[in-house]
Amino acid sequence: MWLGLFVICAGRSDAQQSLIRGTVVAQSDGESLQGVNVALYQRNELRLGAVSGADGVYAIPSIPAGTYELRATFVGFESYSDTLRIGTSDRFIINIALEASETELGEVVVEDEDRSGTARVLAGQTTITPADIEMIPAPDISGDLVNYLTTLPGVVTLGDKGGQLFIRGGEPWQNLVLLDGMWVYQPFHILGFFSSFPTEILKSVDVYAGGYTSQYGGRISSVIDVKSRNGDKKKYAGSGSITPFVSGVSFEGPIAVDLMSFLVSYRTSVMDQGASRLIDEELPFQFGDLFIKTHAFVSSNSQLSISLLKTHDKGSIFEGNDLEPAENVQWKNASVGSRYLVFPRAFPVMAEFLVSATRLNSSIGSSDQSPSRSSLASANTNINITHFNSFGDVRWGIFARSLKLESNLLGQFQNTYHRLEYLTEVGIYVEPEIKNLFGWDVRAGLRIHSFPSKNSGFMEPRFRAIKVREKDEFTIALGSFHQEIVGLTDRRDASGVFTAWTSSPNDVNVPEALHAILGYRRTFWGNFDVSVEGYAKKLNNLFIPEWTAYPRFTTELQPADGRVVGADVRMEYRRERFTGLVTYGLSSVEYTAKQSSLGLWYGQDELSFRPAHDRRHQVNTVASIDFGSFDLNIRWQFGSGLPFSRALGFDGFVAVDGDLDVFSEPGSRRVIYEKPFNGVLPTYHRLDITLQKKINLPHGVSMSGLLGVINAYDRKNLFYLDVFTLRRVNQLPFVPTFGLKMDI
């Protein structure tokens, strides 16, 4: 109730003062510009100002009556200026188009500086731009989001294969991934260099490794919020690229000049004709993605976009043999959504309406048995409101989701069953912001998350605070998070890529995480940033698959709790022609299982262990050098060994049921374990190098070339070790790569 009164009183306090709102776009293509400084001056003195957000939207509230000069400045663009006579309670919508400039402008920063850059982390939040991604060596000349994500400390990846990310101790199914507000459930391709997000479609990405704001929910580990760019509203443009791993095309242009545009991107793997022949080794992976978006300025104060994403993945984790056939895993994603953004003329607010639907189909199985299948479908509706005030914005909203979960687990899976579930989630959140409260900018939120289908609900308080000084920045984040659905994977090691989705078996106690983050950043010499973040997570009511004596996956669940503690260190040095980046992640993850059979196995009721994704130490170093006509990108990465469960021995048993010939009946294999995850796999490290050159041709055409190597010193990194058969599968060996790309 007090939050509602806070919003009402805030609106009344600003009712007698004026407001300017609008959108800033680039004159050349109509793309919205983020980070533009929009300010009001009187007699050349700064009075009020704002910075445009992800949609190019800015708002300057609480303007006293008077005559002002409105200025908009942004590096690389000509400044904009206009004289305004503002009265009492005026509401202006002023949309600005900035012309590109060849000279960089000195600008007045009225709020936060550019937040992009690895070292500029903000209480667990990292903002990524396409320019950041382009400096990471990759086998694709166009670049891909996942290659940058894996440079972040606290992000554990399986390496070249698998398509899984573990963020600050969380598991892949605990990550919330959004694209233009659409939920994407398995967005990373089976080959670890690629995701559903090529650089061509990206505008910016916000990665919350923890402590995220009240707008996000339904996941207990992290948020990856991807925002795509809009197509060119002035002219048609396109690109095409080919490498030994993947080929792609993109096309964009106006549907109605200055008003409506489209963007299309398509990629497909070509490894069977390319990379496999380069290394003379079968790479049994196929994947691809299709993205389509239309965007329109419906009116001077509203925008509408519709997005579609389709992906497909198929591959074999390891080659088969006479004893065990190869397992083929595949999944398909389909997401469609609409986003409507409007500024009501009579009120100092911005409203965002999101409607989307998503479906994921997954299967795994060998050629001689029926596959096991899992599917998830969801429909999502969100309304997000931002109320502009002089002391800070107030954000609030409502949300509703419906889910359908279905699993048919057959063949190799224990406890064979068919399961069909329908779930619902609804809730509301509110998060006021108070600026300059004793030098701190504070956002204190409350999210009420209800699960009517389970007859349960939770209150999730959130808190974020930032204090910025001339060269220093202090950040704090706290929060409570809940997740009602559970993803089941093979817990024998970290390489399980098939996920079966189910609801939490306990209607009252669903998985919960409590996050705490404390951070500090300092800028040296204006271009060298160092940041340190310490974090802790307390995990309650986890439900993980039971351990079983059979070398197979099980769908039976056991309760568990957990804790995560760690620290991230980031150092980033930027000059005009050089960028250097070093990150180090220290992490410790511990689960405490409460399986009823533990007393029989180990003589104790509870058992603490390191899960398979607990990588204690992780280092990434990146150097990007601009030689004028060439760009050289180098990356070296290191990860300490992941834990795994060692087998002491094996036995078997035969179920005696009627007449039985024990000499011909093979029985069932069983394994005699050490304590789970008591062993440690070898360390992981790899060096990647790429060299790119871009040539500008007549008529606005450009050609780019790529030469490079992946795993330059041919490190035999382990991808998969089957502890029951001791079968080893390695990551990619030394792989030369090359590529061509044409932009028109």
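Guide: Welcome! In what follows, a residue is called buried when its relative accessible area is under 20%, and exposed when that area is over 50%. The model above is a predicted one.

Visitor: Thanks! How many of the residues of strand 32 are buried?
Guide: Strand 32 covers residues 528-545, a run of 18 residues. The strand is described as mostly covered. The number of its residues that count as buried is 13.

Visitor: Which strand forms a hairpin with strand 32, and with how many residues between them?
Guide: The partner in this hairpin is strand 31, which spans residues 512-524 and pairs with strand 32 in the antiparallel sense over 13 bridges. The turn contains W525, whose phi is positive at about 60 degrees. So much for the turn; the hairpin is made by strand 31 and strand 32, and the residues between them number 3.

Visitor: Which residue of strand 32 is the bridge partner of Y520?
Guide: Strand 31, at residues 512-524, runs antiparallel to strand 32. Strands of a sheet pair through backbone hydrogen bonds, either parallel or antiparallel. Here the bridge partner of Y520 is V532.

Visitor: How many bridges join strand 32 to strand 33?
Guide: Strand 33 takes in residues 557-574 and runs antiparallel to strand 32. One pair to look for in your viewer is G534, which stands opposite A567 in strand 33. The number of bridges joining strand 32 to strand 33 is 16.

Visitor: Where does the chain go after that, and which residue of strand 34 stands opposite A560?
Guide: A hairpin of 3 residues joins strand 33 to strand 34. Strand 34 spans residues 578-593, and 15 bridges link these two antiparallel strands. Within that pairing, the residue opposite A560 is A593.

Visitor: Which strands pair with strand 34 over 9 bridges and over 3 bridges?
Guide: Both pairings are antiparallel. The 9 bridges go to residues 617-626, which form strand 36, and there Y584 stands opposite V619. The 3 bridges go to residues 607-609, where Y591 stands opposite F609. In that order, the partners are strand 36 and strand 35.

Visitor: Let's look at another sheet. What is the strand order of the open sheet of 5 strands?
Guide: The pairing in this sheet is mixed. Its edge strands are strand 9 (125-128) and strand 13 (182-183), each of which pairs on one side only. Strand 9 is joined by 4 bridges to the antiparallel strand 14 (residues 202-208), with T126 bridging to V207. The full order is 9-14-15-12-13.

Visitor: Is S142 buried or exposed?
Guide: S142 lies in the loop between helix 2 (130-134) and helix 3 (145-149). Its relative accessibility is 6%, and the cut-off for this class is under 20%. S142 therefore counts as buried.

Visitor: Which residue's side chain is joined to that of S142 by a polar contact of 2.7 Å?
Guide: Leaving out residues up to four places away in sequence, S142 touches T199, E200, S241 and K741. Among them, S241 is 99 residues away in sequence but 7.4 Å away in space, C-alpha to C-alpha. The polar contact of 2.7 Å joins the side chain of S142 to that of E200.

Visitor: Why does L165 count as buried?
Guide: L165 belongs to strand 11 (residues 165-167). Beyond its neighbours within four places in sequence, its contacts include V146, L149, V156 and F188. V155 is another contact, 10 residues away in sequence and 6.6 Å away in space, C-alpha to C-alpha. L165 counts as buried because its relative accessible area is 4%.

Visitor: And on the outside, how is F630 classed by accessibility?
Guide: F630 is found in strand 37 (residues 630-639). Together with L278, F627, L691, L707 and F738, F630 makes a nonpolar surface patch of about 550 Å². Its relative accessibility is 33%, which falls between the 20% and 50% cut-offs. F630 is therefore partly exposed.

Visitor: Finally, what percentage of the residues of the protein count as buried?
Guide: The protein has 744 residues, with 5 helices and 46 strands. Its accessible surface comes to about 30200 Å². Of the residues, the buried share is 57%.

Notes: Residues are numbered from 1 along each chain as its sequence is written. This is a predicted model: local features need pLDDT of at least 70, side-chain atom pairs count only at pLDDT 80 or more; totals for chains, interfaces and linings use all residues. Side-chain values use heavy atoms; hydrogens and water are left out. Buried means under 20% relative accessible area, exposed over 50%, partly exposed in between (1.4 Å probe, protein chains only). Contact means heavy atoms within 4.5 Å. A polar contact is a pair of N or O atoms within 3.5 Å; within protein, one must be able to donate a hydrogen and the other to accept it, and residues adjacent in sequence count only if both atoms are side-chain atoms. Two strands pair if DSSP finds at least two bridges between them. Patches are made of residues with over 30% relative accessible area and no salt bridge: like charges are joined within 9 Å, nonpolar side chains (Val, Leu, Ile, Met, Phe, Trp, Tyr) within 5 Å. Accessible areas come from the Shrake-Rupley method with a 1.4 Å probe; for residues, only the protein chains shown count as cover. A salt bridge is a side-chain nitrogen of Lys or Arg within 4 Å of a carboxyl oxygen of Asp or Glu.
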